[in-house]
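Hi everyone, thanks for coming. Let me put the structure up on the screen, and then I'll walk you through a few parts of it.

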Amino acid sequence: MGKQLVAIIGGGPYGLSLASHLAARNIAHRIFGQPMAFWSQIASAGSRRYLKSYCFGTNISSPHPGATFADYNEPLGLETFEPCSIANFAAYGRWFQERHVDWIEPVDVANVSRRGQGYRLTLDNGDEVEATGVIVATGLSNFAKVPHVLRALPGPVVTHTARVDSFAAFQGLEVAVIGSGQSALEAAALLHEAGASPRLLVRKPSTLWMTRGSRTPTLWQRVRWPISALGGSPKSWALMQVPGAFHRLPACGRALVLKNFLPPEGAWWLRERVEALVPTEHDTAVVEARAIGNRVSLRLRQGSDGKERELLVDHVIAGTGYEVNVERISFLAPELRSTIARQGSAPRLDSSFQSSIPGLRFAGPASSMSFGPVFRFVAGAEYTARTIAAALSRPAGARA
Ligand SMILES: Cc1cc2nc3c(=O)[nH]c(=O)nc-3n(C[C@H](O)[C@H](O)[C@H](O)COP(=O)(O)OP(=O)(O)OC[C@H]3O[C@@H](n4cnc5c(N)ncnc54)[C@H](O)[C@@H]3O)c2cc1C
């Protein structure tokens with residue numbers, strides 16, 4: 001294959017940042033995907049949905065000034081610290097795309113396969129594209145994790161939080177919400193506010209809530225709990241200062257840091273919308289789930305003595321998180337997928353986000369096993385875009 005052409009898959013914060021940085025270095029590329037589709041879907045599923053991250057830590061990156069989330073919010077009189085609405089973030093992303101990445105092609109990629117030293121992409125509209133490199137920036141799509149015990153239930157009675165299109169559709173229903181992280185807690189609040197009767201089932205003995213960061217911290221607070229894009233802790237702050245350092249840790253060290261970094265917890269602004277309003281059963285594990293007619297029977301094991309009881313509900317919502325798994329990226333051809341070297345089930349990436357297949361890179365949450373927790377969040381987009389753009393602008397023989 002002749003001249004370089006890089007295909008970016010995904011029109012979210014990572015894809016848009018990459019396109020903006022590649023363009024600034026005159027690197028030939030095309031970007032595919034509906035701009036900000038993931039965020040628009042979250043925003044339309046329910047109102048009063050907010051980012052967990054601060055405004056300053058949720059920027060789509062451009063080498064040009066005037067493109068931050070605050071640059072968008074300020075003139076409109078919108079929040080510039082926290083909590084920022086997800087609907088505004090989606091609107092910011094579309095504003096960014098119109099100004100900085102107006103060449104995006106709003107079509108999904110159906111298939112990517114190897115072709116000689118390069119790649120062939122088949123788009124949803126049937127068009128084919130040949131590229132020398134591919135960057136997969138498809139966020140959490142494909143990675144929703146549903147526990148085994150719920151997998152036997154028929155589709156209409158169980159939904160992962162990522163697939164809820166409308167919380168209002170649950171009005172009048174009894175819903176069990178499983179999990180104790182932000183997604184589960186937010187789902188419980190939104191269900192309650194939509195007129196459903198949610199019940200939270202939490203394996204842990206208690207629910208953790210984040211504390212509110214001060215807008216005007218004292219010197220002591222700034223030293224003890226330095227605020228960074230990932231929250232107020234020295235560990236988060238350190239990771240944000242040197243985002244590439246995590247990659248230099250040995251593989252087992254990385255896995256350990258990732259596992260223990262941010263425990264499942266709810267944002268402070270969600271607390272009053274859940275506590276005292278949504279019945280919550282802690283120390284509770286679902287050990288069996290069966291469909292009975294159009295309802296669901298859950299067998300719960302509770303407390304230290306493991307007492308069991310049955311709970312009958314109309315629907316189950318799994319707020320059970322995400323797991324990066326190369327096997328589940330369905331648009332990668334099976335023969336390509338199977339040759340990608342892994343760390344756990346995630347792709348193993350070199351220092352320029354390149355997988356073991358030359359020219360195939362992963363950005364965003366899919367890179368977090370190699371690059372750390374920062375890359376599960378929008379905050380990692382700047383480092384990713386700069387690093388990949390720099391790597392691609394080196395002459396072919398000198399690339400990592
Ligand atoms: C409920 C919820 C709240 C969150 N809140 C925050 C927060 O407050 N702050 C934060 O930093 N992070 C938050 N996150 C994490 C967030 O998902 C990531 O930070 C962020 O989405 C990463 O950006 P991205 O560009 O990698 O992914 P996305 O924004 O998901 O963009 C990827 C895009 O790729 C598209 N796509 C998928 N498949 C294809 C295909 N085959 N062809 C073309 N396009 C495709 C998708 O439609 C999607 O629009 C939250 C996640 C969830 C689920």
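Before anything else, a quick word on terms: two strands count as paired here if DSSP finds at least two bridges between them. Also, please keep in mind that this is a predicted model.

Let's start with the sheet. It is an open one with four strands in the order E2-E1-E6-E19, and the pairing is parallel. Which strands stand at the edges? Those are E2, residues 29–32, and E19, residues 360–362; each has a single partner strand, so one side of each has no neighbour in the sheet. From one strand to the next, the twist averages 15°.

Zoom in on E6, residues 133–136, and you'll find three bridges joining E6 to E19, with the two running parallel. In E19, Arg361 is the bridge partner of Ile135.

Now for the helices. Helix H1, residues 13–24, packs on the sheet and touches E1, E2 and E6. The direction of H1 makes about 165° with that of E2. Helix H13, residues 381–393, packs on the sheet too, touching E1, E6 and E19, and its direction makes about 165° with that of E19.

While we're on H13, have a look at Glu382 and Arg386. Both lie in that helix, four residues apart, which is about one turn. Their side chains meet in a salt bridge, 2.7 Å from N to O. Glu382 is partly exposed at 35% relative accessible area, and Arg386 is partly exposed at 41%.

How many salt bridges does the structure hold? The count is 20. One of them links Glu130 with Arg120, with the closest N and O atoms 3.2 Å apart. Glu130 sits in strand E5 (128–131) and Arg120 in strand E4 (118–123), so this pair ties together parts that are ten residues apart in sequence. Glu130 is partly exposed, at 35%, and so is Arg120, at 25%.

There is also a network of salt bridges that links Glu288, Arg290, Arg299, Arg301 and Glu308. Within that network, Arg290 pairs with Glu288, the closest N and O atoms being 3.7 Å apart. Arg290 is partly exposed at 40% relative accessibility, and Glu288 is partly exposed at 30%.

One last stop: Ala194, in the loop between helix H6 (182–193) and strand E9 (197–201). Leaving out residues up to four places away in sequence, Ala194 touches Phe167, Ala168 and Gln171. Ala194 and Gln171 are 23 residues apart in sequence, yet 5.7 Å apart in space, C-alpha to C-alpha.

Methods
Residues numbered from 1 in each chain as written. Predicted model: local features only at pLDDT ≥ 70, side-chain atom pairs only at ≥ 80, totals over all residues. Heavy atoms only, no water. Axes fitted to C-alpha atoms, helices over the stretch in contact; angles between N-to-C directions. Contact = heavy atoms within 4.5 Å. Salt bridge = Lys/Arg side-chain N within 4 Å of Asp/Glu carboxyl O. Buried < 20%, exposed > 50% of the residue type's maximum accessible area, 1.4 Å probe, protein only.
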